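User: I'd like a close look at one part of this model, the second largest pocket. Which residues and helices line the second largest pocket, and how far can I trust the model around it?

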Amino acid sequence: MALVVVTALGFDFTNGFHDTGNAMATSIATGALPPRVAVALSGVLNLVGAFLSTAVAATIASGLVETHLVTPTVVFAGLVGGILWNLATWYLGIPSSSSHALIGGVIGSTIAAAGGHAVQWHGVVSKVILPAVLSPVIAGGVAALGTYLVYRIARNMSDESRGKGFRFGQIGSASMVSLAHGTNDAQKTMGVITLALIANGTLHAGSKAPAWVIVCCALAISLGTYIGGWRVIRTLGKGLTEIESPQGMAAESASAAVILLSSSFGYSLSTTHVATGSILGSGIGKRSEVRWGLAGRMATAWVFTLPSAAIVGALAFKAANGIGGTAGVSVIFVVLAAAATGFYLRSRGTSVNPNNVNNEWTGAVGHGPAGLAAGTA
């Protein structure tokens, strides 16, 4: 159980730095906030948001798989699938869904352990797949309308005055996205740890996340957010469309509204999907160039997230279960730690400078991880 909890918090940390761009990419791109200030503010608000709701945690803990058929090894293997997908897509600069990586990993390991009947498919469809399809469309529509109205209202203002005013507005809207991110994404790891505690017999079926779980998950995701996923920030901030301050505020406001609403209903939403849809919608609303080719390749990566993480989760369970007991989990944990170290060491040769993140984006045909992501996603 200790290894499961540590691994879950490790996933929460990767979720934080992988998804920082969802909240702060547009604010950094427009200059509304300096990069380091942006991620620090986002980290604090993720911490606060994690305490505001537990509806999503309940969905993960008991709404996707049959808890009486799940073991701590199943949960651990699912986390391995989610972490490895997060690390791979972070390295390539692909804004994929940490939420779907986690859910896919847990579903794959559950199927490997107990069969397809152990998965509550109706819950997966209604609380995961349908929101995944609809949320970027809804967020994009809201952002497009908001951007159009903002430019209409401010059409008589000078570019300098408009830019300065909306950059202040972006600080508030980006803060709301960070707060919303904490209410949704931090809950997923809380739910997984709670699921493991139920499987271990520590908690009764249907129990809510204990206070210590909430605190630990909130701290892990906020620390990961502060570290900052600069590769993903670069792709979202400059890769999809050129962002001006009015667009940024409209996109962030749309993202915050959609994420907060979904959290209140317990939907395990992908904040990455929402943020990407909002950014694309802001480009449509302003009638600026939208790089649909890159957007399409990102969407392709989204489609593969659930099944890819599920396959890794299933393989991790088979390996851990084949060795057996604590020894099996320990061996896979060491392999996971080695893989994470490898990704980190390889990334150091192509690191992104936080203070120059806007200028380092090289486009869909560029070099380095962002260009590689665009070409291989």
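Analyst: Terms first: helices here are DSSP runs of H or I with at least four residues, strands are runs of E with at least two, and both are numbered from the N terminus. Bear in mind that this is a predicted model, where local features need pLDDT of at least 70, side-chain atom pairs count only at pLDDT 80 or more, and totals for chains, interfaces and linings use all residues. Residues are numbered from 1 along each chain as its sequence is written, and side-chain values use heavy atoms, with hydrogens and water left out.

Now the pocket. On a 1 Å grid over the protein atoms alone, a pocket is an open set of points where a 1.4 Å probe fits, with protein on both sides within 12 Å along at least five of seven lines; lining residues have an atom within 4 Å of a point. The second largest one has a volume of about 230 Å³, taken as the space filled by probe spheres set on the points, which are joined across faces, edges and corners.

Its lining comes to 13 residues, and nearest the centre you'll find I138, V258, S262, Y267 and L269. Two helices, α6 (121-153) and α10 (245-265), each put in at least two lining residues. The largest share is from α6, with six.

Chemically, the lining splits into ten nonpolar residues, three polar and no charged. For that count, Ala, Val, Leu, Ile, Met, Phe, Trp, Tyr, Cys and Pro are nonpolar, Asp, Glu, Lys and Arg are charged, and the rest, Gly among them, are polar.

Zooming out, the chain has 14 helices and zero strands. Of its 377 residues, 58% count as buried, meaning under 20% relative accessible area with a 1.4 Å probe, protein chains only. Counting contacts (heavy atoms within 4.5 Å) with a separation of 6 or more, 86% link residues 24 or more positions apart.

As for trust, pLDDT is the predictor's confidence in each residue, from 0 to 100. The chain averages 80, and 86% of the residues score at least 70. Confidence peaks in helix α5 (residues 98-114) at a mean of 90 and bottoms out in helix α14 (residues 368-376) at 34. Over residues 360-377 pLDDT stays under 50, though the model still has 37 contacts beyond four places in sequence for that stretch. Where pLDDT is low, the predicted coordinates shouldn't be read in detail.

Definitions and conventions
Buried means under 20% relative accessible area, exposed over 50%, partly exposed in between (1.4 Å probe, protein chains only).
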